[in-house]
Amino acid sequence: MKLIVDSGSTKTEWRLQLSEHLSHSVQTVGINPVRDDEETVRRVISAVANSLEAELSMTMEKRFTRRSVSAVFFYGAGCIAPYSNVVRQCLLEVFPKAKVCVESDLLGAARALYGRTEGIACIMGTGSNSCLYNGEKIVKNVSPLGWILGDEGSGAVLGRLFVGEVLKRQFHRSLCMSFLQYHKLTPEDIIEHVYRQPQANRFLASFVPYISRVQDDREVHAFLVREFRRFFHRNVRAYKRPDLSVSFVGGVAGAFEGVLREAVGKEKLTFGSVEKNPIGKIYDFHCMEKDT
């Protein structure tokens, strides 16, 4: 049995292969070893094993135990050296018979989007990232730099810039008023959240659903096209591969697929595809091929 995992900082999707055509899924809180200590990571993984044993003992002919898992393929935010070692060690402790492979969420995105073919893979969620993928591994990556210095096109940066436009009244009056009323916020509330409370990036990214609702507004549409083009200028163009398509995973990409297509066209790039939730394609990559 193979266990395929797609982990972000907010949520983690676990999918266990039970047979050629049958799988079982579990969702937990996110795991990020840059942020989370070893005990937190171990606790989440142990809870998954307990959940699988409890749920599958009622439905499988042969009793499932954590020792039944033969391989774990874990793709996660923050899974870079040396932090990925914590995740790998905890997985080995909880699933003692498994071969364990821990990779970055960016490689997971690339494999979900392109399988074994070349392409430029991008993540657009709370944060953003991109890479040049050769069908096997990442060969180039422009550092995303985080939501203060980079992360163009991400939920956090779109939220930050959108709120700035609202508070400086750069959008038309009715939109500025609508935003504050919809979220039941005052300018003072926003300043408090951003400058005095933790996880300001998540607070700012929480405005993406509202931005999505009003994306057909002329001023908002122009704002989004501009910011997505900025993502391509600062990231994708650095790969110097205009012959390759550009594809995306993540909630922001899913919410603004039409605008992304327009921005890609204006940059004279080739639009590939959008996978809002990549776990299915990552699962297929490992479980539909005999040698992975």
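Here is a chat in questions and answers about this chain, which is a predicted model.

User: Let's start simple. How many helices and strands does the chain have?
Analyst: The chain mixes both kinds of secondary structure. Its tally is 13 helices and 10 strands.

User: Which radius of gyration does the chain have, and why does that agree with a compact globule?
Analyst: The chain has 292 residues, so a compact globule would come out near 19 Å. The chain's own value agrees with that. Along the principal axes, its C-alpha atoms fill a box of roughly 65 × 45 × 35 Å. The radius of gyration asked for is 20 Å.

User: What share of the contacts joins residues 24 or more positions apart?
Analyst: Here we look at contacts in the chain with a separation of 6 or more. Of those, the part from residues 24 or more positions apart is 65%.

User: What percentage of the residues is buried, and how much of the exposed area comes from carbon and sulfur atoms?
Analyst: Out of 292 residues, the buried ones make up 49%. The chain exposes about 14,300 Å². The carbon and sulfur part of that area is 50%.

User: How far apart are the mean positions of the positive and negative charges?
Analyst: The chain has 39 positive and 33 negative charges. Take the mean position of each set, and the gap between the two is 2 Å.

User: Which helix gives the most to the largest nonpolar core?
Analyst: That core has 45 residues, and those with the most contacts inside it include Phe162, Phe179 and Phe228. One helix, covering residues 218–234, gives 7 residues to this core. That helix is H10.

User: How many residues are in the other core?
Analyst: This other core lies apart from the largest one. Among its members are Leu3, Ile31, Val44 and Leu52. Its count is 26 residues.

User: What does Phe228 touch, leaving out residues up to four places away in sequence?
Analyst: Phe228 is one of the residues with the most contacts inside the largest core. With those sequence neighbours left out, Phe228 touches Met124, Gly153, Leu158, Val252, Phe256, Val259, Leu260 and Ala263.

User: Is Phe203 buried or exposed?
Analyst: Phe203 sits in helix H8, residues 200–205. It touches Leu185, Ile190, His193 and Val194, not counting residues up to four places away in sequence. Its relative accessible area is 14%, and the cut-off is under 20%, so Phe203 is buried.

User: How far apart in space are Phe203 and Ile190?
Analyst: In sequence, Phe203 and Ile190 are 13 residues apart. C-alpha to C-alpha, the spacing is 9.1 Å.

User: Which residues does a cis peptide bond join?
Analyst: Most peptide bonds are trans. In this chain, one bond has an omega of about 0 degrees and is cis. Its proline lies in the loop between strand S4 (71–76) and helix H2 (84–94). The two residues joined are Ala81 and Pro82.

User: Is Ile80 buried, exposed or partly exposed?
Analyst: Ile80 is in the loop between S4 and H2. It is 46 residues from Val34 in sequence, with 8.6 Å between their C-alpha atoms. The relative accessibility of Ile80 is 48%, which falls between the 20% and 50% cut-offs, so Ile80 counts as partly exposed.

User: What is phi of Lys184, and where does that residue lie?
Analyst: Most residues other than glycine have a negative phi. Lys184 has a positive value, near 55 degrees. At 72% relative accessibility, Lys184 counts as exposed. Its place is the loop between helix H6 (173–183) and helix H7 (187–196).

User: Where is Leu145, which also has a positive phi?
Analyst: Phi of Leu145 is near 70 degrees. Leu145 lies in the loop between strand S8 (138–140) and helix H4 (146–149).

User: Is Ser104 buried or exposed?
Analyst: Ser104 belongs to strand S5, residues 99–104. Leaving aside neighbours within four places in sequence, Ser104 is in contact with Tyr75, Gly76, Cys79 and Ile138. With a relative accessible area of 16%, Ser104 is buried.

User: What is the relative accessibility of Trp14?
Analyst: Trp14 is found in strand S2, residues 11–19. C-alpha to C-alpha, Trp14 is 25 Å from Asn201. Trp14 counts as buried, with a relative accessibility of 2%.

Key. Residues numbered from 1 in each chain as written. Predicted model: local features only at pLDDT ≥ 70, side-chain atom pairs only at ≥ 80, totals over all residues. Heavy atoms only, no water. Helix = DSSP H or I, 4+ residues; strand = E, 2+ residues; numbered from the N terminus. Rg over C-alpha atoms; globule rule 2.2 N^0.38 Å. Buried < 20%, exposed > 50% of the residue type's maximum accessible area, 1.4 Å probe, protein only. Contact = heavy atoms within 4.5 Å. Areas by Shrake-Rupley, 256 points an atom, 1.4 Å probe, with all protein chains shown as cover. Lys, Arg positive; Asp, Glu negative; His and termini not counted. Charge placed at Lys NZ, Arg CZ, Asp CG, Glu CD. Core = buried A, V, L, I, M, F, W, Y, C linked by side-chain atoms within 4.5 Å.
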